[in-house]
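Biologist: Hey, could you walk me through this one? I'm new to it, so plain words please.

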Amino acid sequence: TIALAASDETPFVDDPVTLTATVTGNAPSGTVEFFDGVTSLGVVAVSGGTAAVVVPSFVAGDHSITAIYSGDAGNTTATSTVLTVNSSKTTATIALAASDETPFVDDPVTLTATVTGSSPTGSVEFFDGVTSLGVVAVSGGTASVVLPGFAAGDHSITATYSGDPSNSSVTSGDLSVTSRRHTSTVTLTSLGASPLSPSLARIVVGDEITFVSAVAGQLPSGSVEFRIEQGGVLWATTDITLTAGSATLATSSLPVGEFTVAAVYSGDGINGTGTSTVLNLTVAAVPAPVVANPEPTVGSTIPVTGDGYEPNTPVEILLDVPGGTVLATVITDADGSFSTTVTLPAGALGNHSLVILGQNSAGGVASAELPIAIVTLPSTGGDPTQVANLGGLLVAAGVALMLWVNASNRRTRRCIVSR
């Protein structure tokens, strides 16, 4: 009889296995041939009733092993029962790492897979979700791929090892890579306005103001949206394409009121979106002085009023400039208005200019000039032609002047000029 045994019935594919046949009989000699199915594994002489063969490895799977004794002069031939040997591959493991798990979109990233097992060969395929990033041969237990950059956002990276004759295939766990766009810095400035602070400016209605937005980043492209709001309600919005990192918007159509202006950058493939700090803008009305002259005669007193000026600032009323006579200086009220009277000089007969100088709400100079003729009223009856004659009206710096002239009890002249 012959009995067959294996040193390991469940070896790994690269583990050597010793097969031993034990022959019983009448001092048996002869040989034993070992088989894997119908494939001979070797012929070994019987010595001391046994014969053994060392198989360096079995390919992965089930193997039906038998041993056949040749017999000799005193013993018959014999065949063993089948011995099943189940050989398996080494269970490989794979670890995945990235050179940077939070890169910027234009930063290269190296992905490295480390495979452990029985001297693993084969290849590793890298994936971003279901998209293949490349197949790389395993060398020295590792495989690496260099990516030029990831699109902005979260990426789920995996690596799959192909396996080889000695090692099983295996897939890594997910590695999260979050790619970021560069931070954009957006600034907003105004030209043509009176800056009270970096975030506060004023203009007079009708004046042109230019908004300039600068975007700092990695060669930013895209556009800037200028958002103009009044009372929290969007009043106007305009998109301007960036040129060399800058966008400009000029307008003269803003009405009187309080506005906020902001610049919003759209971002691009490399740079993130950004918003400037808010610029507060006051659009002021044109100052409107009014001069009332009931009797424009030498030495008479003329009431003068006005509004739309810078609050708490001086307004000068002069007769003739330059080098003229200052008739009055008055400080405007908290609402930018004033009211005063001026007395015409006793010797101021003839043609003159009544000039009102002040500061508008945008911080600029506001002036109004009106040519007048001062005469002396007759002592009796009077010729209505000898009253103060109104000359033409000159409007300077956007200021309109109104002059009322009552010539006598019998006739009134009025000149009203508006812008």
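Biologist: What share of the contacts with a separation of 6 or more comes from residues 24 or more positions apart?
Modeller: In the protein chain, that share is 59%. Keep in mind that we're looking at a predicted model.

Biologist: Okay. How many helices and how many strands are there?
Modeller: The chain has 0 helices and 36 strands.

Biologist: And what percentage of the residues is buried?
Modeller: Of the 419 residues in the protein chain, 40% are buried. The chain exposes about 20,000 Å², and 54% of that comes from carbon and sulfur atoms.

Biologist: Let's go inside, then. Which residues of the largest nonpolar core touch the most other members?
Modeller: That core has 22 residues, and the ones touching the most other members are Leu188, Ile209, Phe211, Val224, Phe226, Leu254 and Leu281. Elements giving two or more residues to this core include β17 (185–191), β20 (209–216), β21 (223–230) and β26. The most comes from β24, which gives 4 residues.

Biologist: Is there a general reason for nonpolar groups to gather like that, and what is it?
Modeller: As a general tendency, nonpolar side chains in soluble globular proteins get buried together.

Biologist: What does Phe211 touch, leaving aside its neighbours within four places in sequence?
Modeller: Phe211 is in contact with Leu188, Thr189, Ser190, Phe226, Ile228, Ala247, Thr248, Leu249, Thr251, Val261, Leu279 and Leu281. There's also a second, separate core of 21 residues, which includes Val124, Phe126, Ala143 and Tyr161.

Biologist: Thr251 was in your list. Which strand is Thr251 in?
Modeller: Thr251 sits in strand β23.

Biologist: Buried or exposed?
Modeller: Thr251 is buried, because its relative accessible area is 14% and the cut-off for buried is under 20%. Its side chain makes a polar contact with the side chain of Ser253, at 3.0 Å. Not counting residues up to four places away in sequence, Thr251 touches Asp207, Glu208, Ile209 and Phe211.

Biologist: What's the strand order in the open sheet that has β23 in it?
Modeller: The order is β17-β20-β23, 3 strands with antiparallel pairing. At the edges are β17 and β23, each with a single partner strand, so one side of each has no neighbour in the sheet. From one strand to the next, the twist averages 15°.

Biologist: How many bridges hold β17 and β20 as a pair?
Modeller: They pair over 7 bridges, in the antiparallel sense. Across that pairing, Leu191 is opposite Thr210 in β20.

Biologist: What about β19, why would you call it largely enclosed?
Modeller: Strand β19 covers residues 200–204, and 4 of its 5 residues are buried, so the rest of the structure largely encloses it. It is joined by 5 bridges to strand β26 (residues 279–284), and the two run parallel. Ala201 has Leu281 as its bridge partner in β26.

Biologist: Switching to loops. Where is Ser221?
Modeller: Ser221 is in the loop between β20 and β21. It counts as partly exposed because its relative accessibility is 38%.

Biologist: And which residues are in contact with Ser221, leaving aside those within four places in sequence?
Modeller: Those are Leu242, Tyr265, Gly267 and Asp268. Also, the C-alpha atoms of Ser221 and Gly245 are 7.0 Å apart, while the two residues are 24 apart in sequence.

Biologist: Now the early part of the chain. What do β3 and β4 form?
Modeller: They form a hairpin with 2 residues between them, and Gly37 in the turn has a positive phi of about 70°. Strand β3 (residues 31–36) and strand β4 (residues 39–45) are antiparallel, with 6 bridges, and Val32 has Val44 as its bridge partner in β4. On top of that, β3 pairs with strand β6 (residues 61–69), antiparallel over 5 bridges. There, Asp36 is partnered with Ile65 in β6.

Biologist: Last one: which strands are the edges of the open sheet β9-β10-β13?
Modeller: That sheet has 3 strands with antiparallel pairing, and its edge strands are β9 (93–98) and β13 (142–147), each pairing on one side only. Between β9 and strand β10 (residues 109–116) there are 6 bridges, with Ile94 opposite Val115 in β10.

Definitions and conventions:
Residues numbered from 1 in each chain as written. Predicted model: local features only at pLDDT ≥ 70, side-chain atom pairs only at ≥ 80, totals over all residues. Heavy atoms only, no water. Buried < 20%, exposed > 50% of the residue type's maximum accessible area, 1.4 Å probe, protein only. Pairing = 2+ DSSP bridges. Contact = heavy atoms within 4.5 Å. Areas by Shrake-Rupley, 256 points an atom, 1.4 Å probe, with all protein chains shown as cover. Core = buried A, V, L, I, M, F, W, Y, C linked by side-chain atoms within 4.5 Å. Axes fitted to C-alpha atoms, helices over the stretch in contact; angles between N-to-C directions. Polar contact = N/O pair within 3.5 Å; in protein donor to acceptor, adjacent residues only side chain to side chain.
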